[in-house]
Amino acid sequence: VRAQSLTARDGAIYLSGGAGSQLSVGGTLDVSSAEAGAQAGRIDVTGERITVDATARLLADAKGSGDGGTVNAIATDAMAFAGTISARGGTAGGNGGNAEVSGRRTIVMSGRSDLSAPAGAIGTLLLDPGSVSIIDSAGNENGPNQFGDANLATLLASNNITISTANATDNGVQSINVASAANVTWSAATTLTLNAGQSGIL
């Protein structure tokens, strides 16, 4: 982890790069509950430009009957996320947590997230880029602000997903464009919500 500020308190980890920062995250940040029945904690990673590499594990899992925690990775400019988020509900009860991966101008999302709950409701992953395209892809998306249909289908197995462009700072049209060849198919009882700041093209 490289950051200007790293604070851990009250079951939460706050990792901040500040204005003009280039924040790099690797390794494990863990706020999972220590006791059965307790809610997991919170992880906030914030900065101007953030890279979360493939070794990074952001964990906020519950034990027993607790709820999963909250994991946020929010860049005010550009986000490249290749890590793993896990904020699962407890095996005996409790809901999955919530997570946000945002780049106010651009986002590249090739990582994984699991907000499932074996005995409760599945949590929601918010992807918050500038204008975005959902494309036909055999695997991970292949560029900034592009989400491959296969990658979304994989994420939908263990997360509700909301894609929102309402907070973009790229001076673009804040649109969501779904390519005609894109085909997001999944069988889990999860939802995909598209929230375009100004326009949507299907």
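A salt bridge is a side-chain nitrogen of Lys or Arg within 4 Å of a carboxyl oxygen of Asp or Glu. In this predicted model, Glu100, Arg104 and Asp128 are linked in a network of such bridges. The network is one detail of the fold, and the paragraphs below come back to it after the overall make-up and the strands.

The protein has 202 residues, and 48% of them are buried. Its secondary structure consists of 1 helix and 18 strands. Among contacts in the protein with a separation of 6 or more, 72% are between residues 24 or more positions apart. The accessible surface comes to about 8,600 Å², and carbon and sulfur atoms account for 47% of that surface.

A useful place to start is strand β7, which covers residues 70–81. Of its 12 residues, 9 are buried, so the strand is largely enclosed by the rest of the structure. Several strands pair with β7. Strand β5, residues 42–52, pairs with β7 in the parallel sense over 10 bridges. Strand β9, residues 98–103, also runs parallel to β7, and 6 bridges join the two. Strand β10, residues 106–109, is joined to β7 by 4 bridges, again in parallel.

Individual residues show how these pairings line up. Ala73 in β7 stands opposite Val45, and the bridge partner of Ala73 in β9 is Val101. Further along, Phe81 stands opposite Met109 in β10.

Some of these residues return in the nonpolar interior. The largest nonpolar core has 38 residues, and those touching the most other members are Val45, Met79, Phe81, Val101, Leu127 and Ile163. Strand β7 supplies the largest share of this core, 5 residues. Val101 can serve as an example of the surroundings of a core residue. Leaving aside residues up to four places away in sequence, Val101 touches Ala73, Met79, Phe81, Ile85, Ile107, Met109, Leu125, Leu126, Leu127 and Asp128. That list includes Ala73, the bridge partner of Val101, and Asp128, a member of the salt-bridge network.

Polar residues are also found in these strands. Asn72 lies in strand β7. Its relative accessible area is 11%, so Asn72 counts as buried, the limit being under 20%. The side chains of Asn72 and Asp44 are joined by a polar contact of 3.0 Å. With residues up to four places away in sequence not counted, Asn72 touches Arg42, Ile43, Asp44, Val45, Ala99 and Glu100. Thr106 is found in strand β10. Its relative accessibility is 17%, and Thr106 therefore counts as buried too. The residues that Thr106 touches, again not counting those up to four places away in sequence, are Asp77, Ala78, Met79, Pro144 and Asn145.

The charged pairs come next. The count of salt bridges is 6. In one of them, the side chains of Glu48 and Arg49 meet at 3.1 Å, N to O. Both residues are partly exposed: Glu48 has a relative accessible area of 23%, and Arg49 has one of 28%.

A second salt bridge brings together the side chains of Arg88 and Asp61, at 3.2 Å from N to O. Arg88 lies in the loop between β8 (84–86) and β9, and Asp61 in the loop between β6 (57–59) and β7, so the pair ties together parts that are 27 residues apart in sequence. Here the two partners are not equally covered. Arg88, at 36% relative accessibility, is partly exposed, whereas Asp61, at 12%, is buried.

The last pair leads back to the network named at the start. Arg104 forms a salt bridge with Asp128, with the closest N and O atoms 3.3 Å apart. This pair links distant parts of the chain, 24 residues apart: Arg104 is in the loop between β9 and β10, while Asp128 is in strand β12, residues 124–128. Both Arg104 and Asp128 are buried. Glu100 is the remaining member of the network, and Glu100 is also among the residues touched by Asn72 of β7.

Taken together, these details centre on β7. The strand is largely enclosed by the rest of the structure, pairs in parallel with β5, with β9 and with β10, and gives the largest share of the largest nonpolar core.

Methods: Residues are numbered from 1 along each chain as its sequence is written. This is a predicted model: local features need pLDDT of at least 70, side-chain atom pairs count only at pLDDT 80 or more; totals for chains, interfaces and linings use all residues. Side-chain values use heavy atoms; hydrogens and water are left out. Buried means under 20% relative accessible area, exposed over 50%, partly exposed in between (1.4 Å probe, protein chains only). Two strands pair if DSSP finds at least two bridges between them. Contact means heavy atoms within 4.5 Å. A nonpolar core is a set of buried Ala, Val, Leu, Ile, Met, Phe, Trp, Tyr and Cys residues joined through side-chain atoms within 4.5 Å. Accessible areas come from the Shrake-Rupley method with a 1.4 Å probe; for residues, only the protein chains shown count as cover. A polar contact is a pair of N or O atoms within 3.5 Å; within protein, one must be able to donate a hydrogen and the other to accept it, and residues adjacent in sequence count only if both atoms are side-chain atoms.
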